[in-house]
Amino acid sequence: MRALPKKHVYNLYLFKDTKDLLEFRNNRTYSIITGLVMCTFFWGIHLGIIDRLPEGTPLKDPLSYAFLMMGGMSLLALFHFVSAYHNMLLRRINRSISYEYHSPGGRMGWKKRFDDFESVQMYKALPQSLPGQKKRQAPIWFFDLVGRDEKRVAIRPRGIKALKAEQEEEAEAFVRKVADFMGIRGEKIESDNRNAEPNKTTHGLPKT
């Protein structure tokens, strides 16, 4: 199993929750919708607007080439989203974590121990907007497994709907679930900065 690139994007939602196992998987539905939105945006502009411009319109050819290229990249991204598979297993019995990522290019991943991670962090931030989508102003909760080597693994609760800022209790419950399962700290970052200094901007979640 090959090592992951340093800038690998994790797409992990809680899928299975038992006494001795937590399983996270990628949400393929969300990924496919993302790819379809990207394709619709770039190909729609090219076919519906740029391609209909009269010949000789300034910058028509450069714009056409640019959107054709972005449309082609979007199709490749959609194919990648359809075929990619993420899976992360947390096993309480041997206190281990294994992550696997399958794609057309092969299988990659890593294996670690619970002790290789020091906390589960929650923080509020504005979500990234998809092409053609109005930017949402309301912040949502994000969650990271933070390793002692500064590795960050983004995780999410069940479902494709993000937890809004006012759903703080649900966000804290998710952090406690993972933190208690692994025997590590649960932290809330108040500064909306995931790289903030823990002793100044974070505090541990109260025990239930």
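## A walk through the fold and its core

Eight aromatic pairs turn up in this predicted model, where rings of Phe, Tyr and Trp (its six-membered ring) pair if their centres lie within 6.5 Å, with planes under 30 degrees apart counted as stacked, over 60 as edge-to-face and the rest as tilted. Ring pairs join Tyr10, Tyr99, Trp110 and Phe117 into a cluster. Before going further, a word on how to read the values: residues are numbered from 1 along each chain as its sequence is written, and side-chain values use heavy atoms, with hydrogens and water left out. Because this is a predicted model, local features need pLDDT of at least 70 and side-chain atom pairs count only at pLDDT 80 or more, while totals for chains, interfaces and linings use all residues.

Let us start with the overall layout. The protein chain has four helices and 10 strands; these are DSSP runs numbered from the N terminus, with helices being H or I of at least four residues and strands E of at least two. Along the sequence their order is β-β-α-α-β-β-β-β-β-β-α-β-α-β. Of the 208 residues in the protein chain, 38% are buried, meaning under 20% relative accessible area, with exposed over 50% and partly exposed in between (1.4 Å probe, protein chains only). Counting contacts (heavy atoms within 4.5 Å) with a separation of 6 or more, 57% are between residues 24 or more positions apart.

Now for the interior. In soluble globular proteins, nonpolar side chains tend to be buried together. The largest nonpolar core here has 33 residues, and Phe24, Met88, Leu145, Ile155 and Met182 touch the most other members. Such a core is a set of buried Ala, Val, Leu, Ile, Met, Phe, Trp, Tyr and Cys residues joined through side-chain atoms within 4.5 Å. Setting aside residues up to four places away in sequence, Phe24 touches a list that includes Leu14, Phe15, Met88, Leu90, Ile155, Phe174 and Val178. Phe15 has another partner as well: Arg25 lies over its face, 3.8 Å from the ring centre. For that label, NZ of Lys or CZ of Arg must be within 6 Å of the ring centre and within 35 degrees of the ring normal.

Leu90, one of the residues touched by Phe24, belongs to strand S3 (residues 85-91). Leu90 counts as buried because its relative accessible area is 0%. Beyond four places in sequence, its contacts include Leu21, Leu22, Phe114, Phe181 and Met182. Leu90 and Phe181 are 91 residues apart in sequence, yet their C-alpha atoms are 8.7 Å apart in space.

Phe181 brings us to the helices. Helix H3 (residues 168-182) gives the most to the largest core, with seven residues. Its buried residues include Phe174, Val175, Val178, Phe181 and Met182. An α-helix has 3.6 residues a turn, so residues three or four places apart point the same way. The expected span of a helix is 1.5 Å times one less than its number of residues, so the 15 residues of H3 should span 21 Å, in agreement with the 21 Å between its end C-alpha atoms. Just after H3, Gly183 takes a positive phi of about 75°. For helix H2 (residues 60-83), the 24 residues should span 34 Å, and the end C-alpha atoms are 35 Å apart, which agrees. Among the buried residues of H2 are Phe67, Gly71, Ser74 and Leu78, and helix H1 (28-48) is part of what covers the buried residues of H2.

Past H3, strand S9 (residues 185-189) holds Glu187. Is Glu187 buried or exposed? With a relative accessible area of 6%, Glu187 is buried. Its side chain makes a polar contact of 3.1 Å with that of Gln121 and another, of 2.9 Å, with the side chain of Arg185. A polar contact is a pair of N or O atoms within 3.5 Å; within protein, one must be able to donate a hydrogen and the other to accept it, and residues adjacent in sequence count only if both atoms are side-chain atoms. Arg185, also found in S9, is partly exposed at 43% relative accessible area. The C-alpha atoms of Arg185 and Glu118 are separated by 6.5 Å, although the two are 67 residues apart along the chain.

Finally, look at two loops. Arg95, between S3 and strand S4 (96-103), has a positive phi near 50° without being a glycine. Glu150, between strand S7 (140-147) and strand S8 (152-156), has a positive phi of about 70° and is not a glycine. Arg95 counts as partly exposed because its relative accessibility is 30%, while Glu150 counts as exposed at 69%.
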